[in-house]
Amino acid sequence: MDAGEYLETAVRDVLTATDASVDDQVGYAALLLAVTGALDEADRLAGQWLARTERPVSALAAGPVRARAWAMLFAARGGRPDWAEGLPPLDLDAEERAHTATLRRPVSDLDGVLPPGPVAELVKHVAPARPDRVRAALADGDLARWASLAGERPDVATLAATRALAPALVAGADPLGLRDRAEACAGALVAALHERYPPDLGTWPELVAEILRLRGGVAAPPPASDAAIRSAELRLGTELPDDHREFLRTCDGLPADVVFPRLLGTADLRAEDGVVVLAEPAVLLLSASHVVEVDPVLGTTVHPSFRAALVKHATLLAQAG
């Protein structure tokens, strides 16, 4: 499969298609990641989908084959991840028997040619039949042959549902050779989910509490007093925007983390050449009521407000989780 073309289509669907199509794309992508051995990335994508949509987790395992696929993978890895707790348990022996029969079922070149009805049923019984080469490769345990026949959208559910192959997949067999693209694939789809279903972060206390939760539950600094805020403004020679004042009234600065610098409290705010430095290192600046974020890799971003910068920060933290 063309990994770049697949990912472009998947991201576009997550951003613009119906909710049912989003669920289908994420369910497929999570299985695709899992059969590459990228179980952490599969869990991250499925967990983020669950957190963002709050839809029943069964939507990621729609249909008997996907449900069977996840059951076989969970058994091979020795347990279920947290996101999958809502999936019903299956009888693996019964599922294996049903799946083996499916893999060995012959197909006809006339399948699907005629509309459903008595004539199609008659033809089904009298037309020449042959093994399905893709399914036969799975029945034979030949991952290389399966990958060569799988096409542009490989049926990863039928692959993962093959009980004898699930342990090799969990161990990283990676028949499609996509392991190096797994992290980027999961990251792009998680970002698309956050854009499609942005979180409602509510009031300033709720936003700060969510940031601290995503940071691992660290404690917030105490709030700044109105006197401390006014003293800082006098020292800076400018008034702070209303939303920055509300931030300081909620917590007087924030410590650094993996995706954001230390946000300065009232005692440490400083002005340089008419620009107020809001962070240490000085990558977040207040200029003409706009907050400018300077990133050496991504370039410069102008946020319409201080709150907008923190909402972006919270979104990045959530995507990384």
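Which residue forms a salt bridge with Asp 19, and how far apart are the closest N and O atoms? Keep that in mind while going through the close-ups below, which come from a predicted model.

**View 1. Asp 19 and Arg 55 pair up through a salt bridge.** The partner asked about above is Arg 55, and the closest N and O atoms of the two residues are 3.4 Å apart. This pair ties together distant parts of the chain, 36 residues apart. Asp 19 belongs to helix α2, which covers residues 19-35, while Arg 55 sits in the loop between α3 (39-53) and α4 (64-77). Asp 19 is partly exposed, because its relative accessibility is 36%. Arg 55, at 18%, counts as buried because the cut-off for that word is under 20%. As a bit of background, side chains of opposite charge can pair when their charged atoms come close. Over the whole structure, a search finds 25 salt bridges.

**View 2. Glu 293 reaches from a strand to a helix.** Here Glu 293 forms a salt bridge with Lys 312, with 3.4 Å between the closest N and O atoms. Once again the pair links distant parts of the chain: Glu 293 is in strand β8, Lys 312 is in helix α15, and 19 residues separate them. Which of these two is buried and which is partly exposed? Glu 293 is the buried one, with a relative accessible area of 11%, whereas Lys 312 is partly exposed at 29%.

**View 3. Strands β8 and β9 make a hairpin.** Stay with Glu 293 and look along its strand: β8 (residues 290-295) pairs with β9 (residues 299-303) in the antiparallel sense, over five bridges. Three residues lie between the two strands of this hairpin. Glu 293 has Thr 301 as its bridge partner in β9.

**View 4. Leu 310 is tucked away in helix α15.** Helix α15 runs over residues 306-320 and includes Leu 310. How buried is Leu 310? Its relative accessible area is 0%, so Leu 310 counts as buried. Leaving out neighbours within four places in sequence, Leu 310 is in contact with Trp 204, Leu 207, Ile 211, Phe 247, Phe 260 and Leu 263. For a sense of scale, try finding Met 72 too: Leu 310 and Met 72 are 238 residues apart in sequence, and their C-alpha atoms are 41 Å apart in space.

**View 5. His 194 meets Gln 48.** His 194 is part of helix α11, residues 182-196. With a relative accessibility of just 4%, His 194 counts as buried. Its side chain makes a polar contact of 2.7 Å with the side chain of Gln 48. Residues up to four places away in sequence aside, His 194 touches Gln 48, Arg 52, Thr 315, Ala 318 and Gln 319.

**View 6. Two more places to look for salt bridges.** Asp 142 and Arg 145 form one, and their closest N and O atoms are 3.3 Å apart. Asp 142 is partly exposed at 28% relative accessibility, and Arg 145 is partly exposed too, at 29%. Elsewhere, salt bridges link Arg 230, Glu 233, Glu 239, Asp 242 and Arg 245 into a network.

**View 7. A nonpolar patch includes Val 259.** Which residues make this surface patch? They are Val 258, Val 259 and Leu 316, and the patch comes to about 260 Å². Val 259 is in the loop between α14 (242-250) and β3 (262-263). Its relative accessible area is 31%, so Val 259 is partly exposed.

**View 8. Some backbone details in the loops.** Glu 280 and Pro 281 are joined by a cis peptide bond, with omega about 5°. Pro 281 is in the loop between β6 (279-280) and β7 (284-287). Asp 174 has a positive phi, near 50°, although Asp 174 is not a glycine. The loop between α10 (166-170) and α11 holds Asp 174, which is buried at 16% relative accessible area. Asp 273 has a positive phi as well, near 55°. Asp 273 lies in the loop between β4 (270-272) and β5 (275-277), and at 84% relative accessibility it counts as exposed.

Methods. Residues are numbered from 1 along each chain as its sequence is written. This is a predicted model: local features need pLDDT of at least 70, side-chain atom pairs count only at pLDDT 80 or more; totals for chains, interfaces and linings use all residues. Side-chain values use heavy atoms; hydrogens and water are left out. Patches are made of residues with over 30% relative accessible area and no salt bridge: like charges are joined within 9 Å, nonpolar side chains (Val, Leu, Ile, Met, Phe, Trp, Tyr) within 5 Å. Accessible areas come from the Shrake-Rupley method with a 1.4 Å probe; for residues, only the protein chains shown count as cover. A salt bridge is a side-chain nitrogen of Lys or Arg within 4 Å of a carboxyl oxygen of Asp or Glu. Helices (H or I, at least four residues) and strands (E, at least two) are DSSP runs, numbered from the N terminus. Buried means under 20% relative accessible area, exposed over 50%, partly exposed in between (1.4 Å probe, protein chains only). A polar contact is a pair of N or O atoms within 3.5 Å; within protein, one must be able to donate a hydrogen and the other to accept it, and residues adjacent in sequence count only if both atoms are side-chain atoms. Contact means heavy atoms within 4.5 Å. Two strands pair if DSSP finds at least two bridges between them.
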